[in-house]
Amino acid sequence: MTTQMIIALAITALMIILIMRDKLPFGVPPLIACLLLVITGVVDIKVAFGGFANSTIMMLAAFMAIIAALQKTSFIITFKTAIFNMAKKGVAARDKFTPSSAIN
């Protein structure tokens, strides 16, 4: 193993430990890991932070912000209840029109 591999593995282990300890917000340990990779010279700054420019990451970040805002309201509970009620009605309708031998 090269020195860069050992440094990268150590930084990854540190990031996992920081995430598991849950003392920092979830996004901070990966940012610290990217900074450490740049500071130690394992990767350059474009490679370290290039993934954040990905459109999928941007979309996920936006979804997480929207969900965090919705969790502060009662919308999530209302939505969950509505989905469960629809599922119960669907199971009841299926059981009503399907012979019991065909369900399993």
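Hi everyone, let's start with one glycine: G41 has a relative accessibility of 43%, so this residue counts as partly exposed. For a residue to be called partly exposed, the value has to fall between the 20% limit for buried and the 50% limit for exposed. G41 sits in the loop between α2 and α3, and α3 covers residues 45-49. Which residue does G41 pair with here, at a C-alpha separation of 9.6 Å? The partner is I7, which is 34 residues away from G41 along the chain.

Before I go on, please keep in mind that this is a predicted model.

Now let's step back to the whole chain. How many helices and strands does the protein chain have? The count is six helices and zero strands, and reading along the sequence gives α-α-α-α-α-α. The protein chain has 104 residues, and buried residues account for 7% of them.

Next, another loop. D22 lies between α1, residues 3-21, and α2. The backbone of D22 has a positive phi of about 60°, even though D22 is not a glycine. Is D22 buried or exposed? Its relative accessible area is 63%, so D22 is exposed.

On to the surface. There is a nonpolar patch of about 610 Å², and the residues that make it are L31, F52, I57, M59, L60, F63 and I66. Which helix gives the most to this nonpolar patch? That would be α4, residues 55-71, with five residues. I57, one of the patch residues, lies in helix α4. With 37% relative accessibility, I57 counts as partly exposed, because partly exposed runs from the 20% limit up to the 50% limit.

Last stop, the pocket. Rolling a probe the size of a water molecule over the atoms shows where empty space is left. The largest pocket here has a volume of about 300 Å³. Its lining is made up of F26, G27, P30, L31, F52, I57, M58, L60, A61 and M64. You will recognise some names: L31, F52, I57 and L60 are in the nonpolar patch and also line the largest pocket.

Where does the lining come from? Both α2, residues 28-39, and α4 supply at least two residues each, and the largest share, five residues, is from α4. By type, the lining of the largest pocket has nine nonpolar residues, one polar and no charged.

So that's the tour, from the G41 loop to the pocket. Thanks for listening, everyone!

Note on methods:
Residues are numbered from 1 along each chain as its sequence is written. This is a predicted model: local features need pLDDT of at least 70, side-chain atom pairs count only at pLDDT 80 or more; totals for chains, interfaces and linings use all residues. Side-chain values use heavy atoms; hydrogens and water are left out. Patches are made of residues with over 30% relative accessible area and no salt bridge: like charges are joined within 9 Å, nonpolar side chains (Val, Leu, Ile, Met, Phe, Trp, Tyr) within 5 Å. Accessible areas come from the Shrake-Rupley method with a 1.4 Å probe; for residues, only the protein chains shown count as cover. A salt bridge is a side-chain nitrogen of Lys or Arg within 4 Å of a carboxyl oxygen of Asp or Glu. Helices (H or I, at least four residues) and strands (E, at least two) are DSSP runs, numbered from the N terminus. Buried means under 20% relative accessible area, exposed over 50%, partly exposed in between (1.4 Å probe, protein chains only). On a 1 Å grid over the protein atoms alone, a cavity is a set of points where a 1.4 Å probe fits but cannot get out, and a pocket is an open set with protein on both sides within 12 Å along at least five of seven lines; lining residues have an atom within 4 Å of a point. Grid points are joined across faces, edges and corners, and a volume is the space filled by probe spheres set on the points. Ala, Val, Leu, Ile, Met, Phe, Trp, Tyr, Cys and Pro count as nonpolar, Asp, Glu, Lys and Arg as charged, and the others, Gly among them, as polar.
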